[in-house]
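User: I would like to learn how to read cores and sheets in a model. Where should we start?

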Amino acid sequence: MPRPVARVLTLLELLQSGGVRTASELAGRLGVDERTVRHYVGHLTDLDVPVESVRGRYGGYRLAPGHRLPPLMLSDDEALAVLLGLVAGRRAGLTSTTGTASDTATAKIRRVLPERLRLRLDAVLGALAFTAPPGEALAPDSGVLLPVADAVNHHRPVSIRYTSSDGRRSERTLHPHGLVAHSGKWYVTAADLTAGEDRTFRLDRITDVRTLPGSFEPPEGLDPAKRVLTALATAPYRHEVTLRVQDTAEHIHARLPAGIAIVEEPPSPGDGDTGTEHWSRVELRVERLDWLPAVLASLDRPFVIERPDELRGLVEAFAERLSDSARRDPPRA
């Protein structure tokens, strides 16, 4: 490729990275003088690339906002980052359910890449394996996600049509506070004006969104992710379990994530109470109890079962099975 053409494309790549670039900065990056930079800018303008000249002390050149610019110029590392991001987003449920946006975006990017780079990236994607299968992804429709995100960002009330887990349908007016992606699902935390309380809604159960006039002031110190995890941990299930565990919340959450259990850790003891036992309170609601004994054993810390009594029997039976296995002789060949 002739050097002037290569420099013009490099100039376009520099401008595509955003912001205002001074003529002296561009001249230094391209290894030419400022007059040649102006000449290259003229070449881009002739190709209908919308380059704007910004006057003033901090003036220079920039691309006009709102334009789509061919060609897509990506370095090897940038192309790999984009394609791996699309693969990871599809597995995690972070892409839209409208059509096959992730697949079509991947195909478009591959189509404009040089063959050398495309073959190398195909080799990476073809050789890549994951240690865990993809989860159950329930990504929202873009017609729901985008207006909800806009309402969160600009503090606008919305009206939604919602289908609850038991199939009941309703129309609700919300003050949306935040969007949260968790375990392949999307949630919006909001003040539900219809019910008069703060609620969490799954976006895949929303079928219609209308932005309403006006605005609202979101509460201070709000943590949408923590609210979603608390809502999941306190959802109604068959069993309500309360424990005391002699350990920190951080270690307990390594075995019982925040979306499953609520852990209340007491304040750290003062200098004169170094011998005080550190017992955290753990609450969780579960449909079945049979998996809990193994998890409690994996904590390897003292614990006390406050409720339900049924869990005590399951823990005792689990301990007996471990004891029997420890005394068992290995099978003969």
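Analyst: Start with the nonpolar residues, keeping in mind that this is a predicted model. In soluble globular proteins, nonpolar side chains tend to be buried together. Here the largest nonpolar core has 19 residues, and those touching the most other members are Val241, Leu243, Leu256, Val282, Leu284, Leu292 and Leu311.

User: Which helices and strands each supply at least two residues of this core?

Analyst: The strands are β8 (239-245), β9 (261-264) and β10 (280-286), and the helices are α9 (249-255), α10 (292-299) and α11 (309-327). Helix α10 gives the most, with four residues.

User: What is Leu256 in contact with, leaving aside its neighbours within four places in sequence?

Analyst: Leu256 touches Ala261, Val282, Leu284, Trp291, Leu292 and Val295. A second core, separate from this one, has 18 residues, including Val8, Leu26, Val51 and Leu63.

User: Now the sheet. What is the order of the strands in the open sheet of five?

Analyst: Read across the sheet, the order is β6-β5-β4-β3-β7, and the pairing is antiparallel. The edge strands, β6 (197-202) and β7 (206-211), each pair on one side only. On average, neighbouring strands are turned by 45 degrees against each other, direction ignored.

User: How many bridges join β3 to β4?

Analyst: Six bridges link β3 (residues 158-163) with β4 (residues 169-182). In one of the pairings, Ser159 has Thr173 of β4 as its bridge partner.

User: Which helices pack on the sheet?

Analyst: Helix α7 (residues 142-154) touches β3, β4, β5 (185-192) and β7, its direction making about 80 degrees with that of β4. Helix α8 (residues 224-233) touches β4, β5 and β6, at about 115 degrees to the direction of β4.

Definitions and conventions. Residues numbered from 1 in each chain as written. Predicted model: local features only at pLDDT ≥ 70, side-chain atom pairs only at ≥ 80, totals over all residues. Heavy atoms only, no water. Pairing = 2+ DSSP bridges. Axes fitted to C-alpha atoms, helices over the stretch in contact; angles between N-to-C directions. Contact = heavy atoms within 4.5 Å. Core = buried A, V, L, I, M, F, W, Y, C linked by side-chain atoms within 4.5 Å. Buried < 20%, exposed > 50% of the residue type's maximum accessible area, 1.4 Å probe, protein only.
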